[in-house]
Amino acid sequence: MATKKRSNFSAGSNSSRSYGSSLVPWLGLAAIVILLDQVSKITITKLFAYAESMSVTSFFNLVLVYNKGAAFSFLAAESGWQRYVFTALGLIAAAYITYLLSRHSSQKLFCWALSLIMGGALGNVIDRLMYGHVVDFLDFHYQDIYHFPAFNLADSAICLGAALFILDELRRVKK
């Protein structure tokens, strides 16, 4: 009987270890996204003046611009309240995503999606906290007719995460 109690206790401590350790790879992925995002933004701000542009290909430029709003400069012209709202939303989303990652850490595609979204959201939160705006620098365009709104690696991670999330849901529905 004592052996059973000891093994139950052991199993309990093993599951709490695996609970914590199963979260580590996903938080690590989010941290890598944040690191790459921040390094790219620091590099661009050191190499470019505001609004300076450099043509890389016939459809892609590097350009330094600031976004005080959300995606595609939504609400950028507002008085400044959006900085705090989007920062709070990013932090709340990251907390909720951490909870989801801990509950579903064995679902690889789902966790990849969530980790990319969390890393991107926190990368932009860091910008909002440090500068009051998000640094964008990737500018895709069609000739001089149409320029897609400039974005950054954090935005790219969020979009890729959203696409993986949709793919994961579609795969789950087919089962």
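Me: Let's start with Arg-128: which side chain of opposite charge is nearest, and how far away is it?
Reply: The nearest one is Asp-155, 7.1 Å away, and Arg-128 has no salt bridge even though Arg-128 is buried. For charge, Lys and Arg count as positive and Asp and Glu as negative, while His and the chain ends are not counted. A salt bridge here is a side-chain nitrogen of Lys or Arg within 4 Å of a carboxyl oxygen of Asp or Glu. Buried means under 20% relative accessible area, exposed means over 50%, and partly exposed is in between (1.4 Å probe, protein chains only).

Me: Before we go on, what kind of model is this?
Reply: This is a predicted model, where local features need pLDDT of at least 70 and side-chain atom pairs count only at pLDDT 80 or more, while totals for chains, interfaces and linings use all residues. Residues are numbered from 1 along each chain as its sequence is written, and side-chain values use heavy atoms, with hydrogens and water left out.

Me: Back to Arg-128, then. What is Arg-128 in contact with?
Reply: A contact means heavy atoms within 4.5 Å. Arg-128 lies in helix H3. Skipping neighbours within four places in sequence, Arg-128 contacts Asn-67, Lys-68, Gly-69, Ala-70, Arg-83, Phe-86, Thr-87, His-133 and Val-134.

Me: His-133 is on that list. Where does His-133 lie?
Reply: His-133 is in the loop between H3 and strand E3 (134–142), and counts as buried because its relative accessibility is 13%. Apart from residues up to four places away, His-133 touches Tyr-66, Asn-67, Lys-68, Asp-127 and Arg-128. There's a polar contact too, meaning a pair of N or O atoms within 3.5 Å; within protein, one must be able to donate a hydrogen and the other to accept it, and residues adjacent in sequence count only if both atoms are side-chain atoms. In this case a polar side-chain atom of His-133 is 3.2 Å from the backbone oxygen of Tyr-131.

Me: How many salt bridges are there by that rule?
Reply: Side chains of opposite charge can pair when their charged atoms come close. The count is four. One joins Lys-41 to Asp-127, with the closest N and O atoms 2.8 Å apart. That pair ties together distant parts of the chain, Lys-41 in helix H1 and Asp-127 in helix H3, 86 residues apart. Lys-41 is buried at 2% relative accessible area, and Asp-127 is buried as well, at 0%. Asp-37 joins Lys-41 and Asp-127 in a salt-bridge network.

Me: Which residues pair with Arg-172?
Reply: Asp-168 is one, with closest N and O atoms 2.1 Å apart, and Glu-169 is another, at 4.0 Å. Arg-172 and Asp-168 sit four residues apart in helix H4, about one turn; Glu-169 and Arg-172 are three apart in H4, also about one turn. Arg-172 is partly exposed at 35%, Asp-168 is buried at 8%, and Glu-169 is partly exposed at 30%. Glu-169 is also 8.4 Å from Phe-110, C-alpha to C-alpha, with their positions 59 residues apart in sequence.

Me: What span should H4 have, and what does the model give?
Reply: Helices (H or I, at least four residues) and strands (E, at least two) are DSSP runs, numbered from the N terminus. The expected span is 1.5 Å times one less than the number of residues. H4 (residues 153–174) has 22 residues, so 32 Å is expected; the end C-alpha atoms are 31 Å apart, which agrees. Asn-152 caps the N-terminal end, its side-chain oxygen 2.9 Å from the backbone nitrogen of Ala-154. Buried residues in H4 include Ala-154, Gly-161 and Leu-164.

Me: Which residues make up the largest nonpolar core?
Reply: A nonpolar core is a set of buried Ala, Val, Leu, Ile, Met, Phe, Trp, Tyr and Cys residues joined through side-chain atoms within 4.5 Å. The largest has 12 residues, among them Trp-26, Ile-97, Phe-110, Cys-111 and Met-118. Helices H1 (2–47), H2 (81–103) and H3 (108–131) each give two or more residues to this core. Apart from it lies another core of nine residues, including Ile-44, Phe-48, Phe-60 and Leu-64.

Me: What is the pattern along the whole chain?
Reply: The chain reads α-β-β-α-α-β-β-α, with four helices and four strands. Of its 175 residues, 36% count as buried.
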